[in-house]
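Colleague: Could you take a close look at one part of this model for me? I would like the salt bridges and the strand pairing around the start of the chain set out in one connected account.

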Amino acid sequence: MSTRTTWALVVETTQGIGQRKHLAAEVLAHVEGSREEALAELERRARGHVPEHPSSPRRRRLVRTGDGFLLVVDGAWQTFASRFTVGELLADSDAPPAPDPVAVRPAPPPAPPVVPDEPAAPAVAPGGAEEPDELDEDGIPVRPAWLGRTGMP
């Protein structure tokens, strides 16, 4: 059984302005597959990314780096950057638990229907004479076949 690698797509973005400017990281998504597939998805997200700052962008530059992309956006007075990286997810404290291989077993096949050992008794009218099987307009017996059978618990 082969396991597929899970990649985390991360963006570190400049937030705030002036002396309060700082970087904040966010995991955008997880991608299962090859590193190339993860980088392709990361590039798609980097190209479409619209950062909060600057509010009036004048120039955008997207640069490929060894492990992702760097988006540099020049504003009227300051430059802001967003770094996009891809990394192999090694641990996640909030990930759902892996399924227990013992607990994941296919359900047993359904049991075959029980066939009665003795034939069904013919329908007998209260006076003792046999009644013909009456059918409704859909062809369903009016009197159920089990009614009046003997040998049932």
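Modeller: What follows covers the salt bridges, then the pairing of one strand with its two partners.

The model is predicted. How many salt bridges does the structure hold? There are six. One of them joins R4 to E37, with 3.7 Å between the closest N and O atoms. R4 belongs to the segment that precedes strand 1 (6-15), while E37 is part of helix 1 (residues 35-48), so this contact ties together parts that lie 33 residues apart in sequence. E37 has a relative accessibility of 42% and is classed as partly exposed.

Helix 1 also has a salt bridge within its own length. E41 and R44 are paired, and their closest N and O atoms are 2.7 Å apart. The two residues are three positions apart in helix 1, which means that about one helical turn separates E41 from R44. The pair is also part of a wider arrangement, since E41, R44 and R45 are linked in a network of salt bridges.

A further salt bridge is formed between strands. The side chains of D74 and R61 meet at 2.7 Å, N to O. D74 sits in strand 4 (residues 68-74) and R61 in strand 3 (residues 59-65), so the contact ties together parts that are 13 residues apart in sequence. D74 is buried, at 15% relative accessible area, whereas R61, at 30%, counts as partly exposed. The cut-off for a buried residue is under 20%, and values from there up to 50% count as partly exposed.

Now to strand 1, the strand that follows the segment holding R4. Is strand 1 largely enclosed or largely open? Seven of its ten residues are buried, so strand 1 is largely enclosed by the rest of the structure. Strand 1 pairs with strand 2 (residues 22-32) through ten bridges, and the two run antiparallel. They form a hairpin with six residues between them, and in the turn G16 has a positive phi of about 80 degrees. Strand 1 is also joined to strand 5 (residues 79-88), by seven bridges and again in an antiparallel arrangement.

W7 can be followed into both partners. Its bridge partner in strand 2 is V31, and in strand 5 W7 stands opposite E88.

In summary, R4 in the segment before strand 1 is tied to helix 1 through E37, and strand 1 itself is joined by bridges to strand 2 and to strand 5.

Methods. Residues are numbered from 1 along each chain as its sequence is written. This is a predicted model: local features need pLDDT of at least 70, side-chain atom pairs count only at pLDDT 80 or more; totals for chains, interfaces and linings use all residues. Side-chain values use heavy atoms; hydrogens and water are left out. A salt bridge is a side-chain nitrogen of Lys or Arg within 4 Å of a carboxyl oxygen of Asp or Glu. Helices (H or I, at least four residues) and strands (E, at least two) are DSSP runs, numbered from the N terminus. Buried means under 20% relative accessible area, exposed over 50%, partly exposed in between (1.4 Å probe, protein chains only). Two strands pair if DSSP finds at least two bridges between them.
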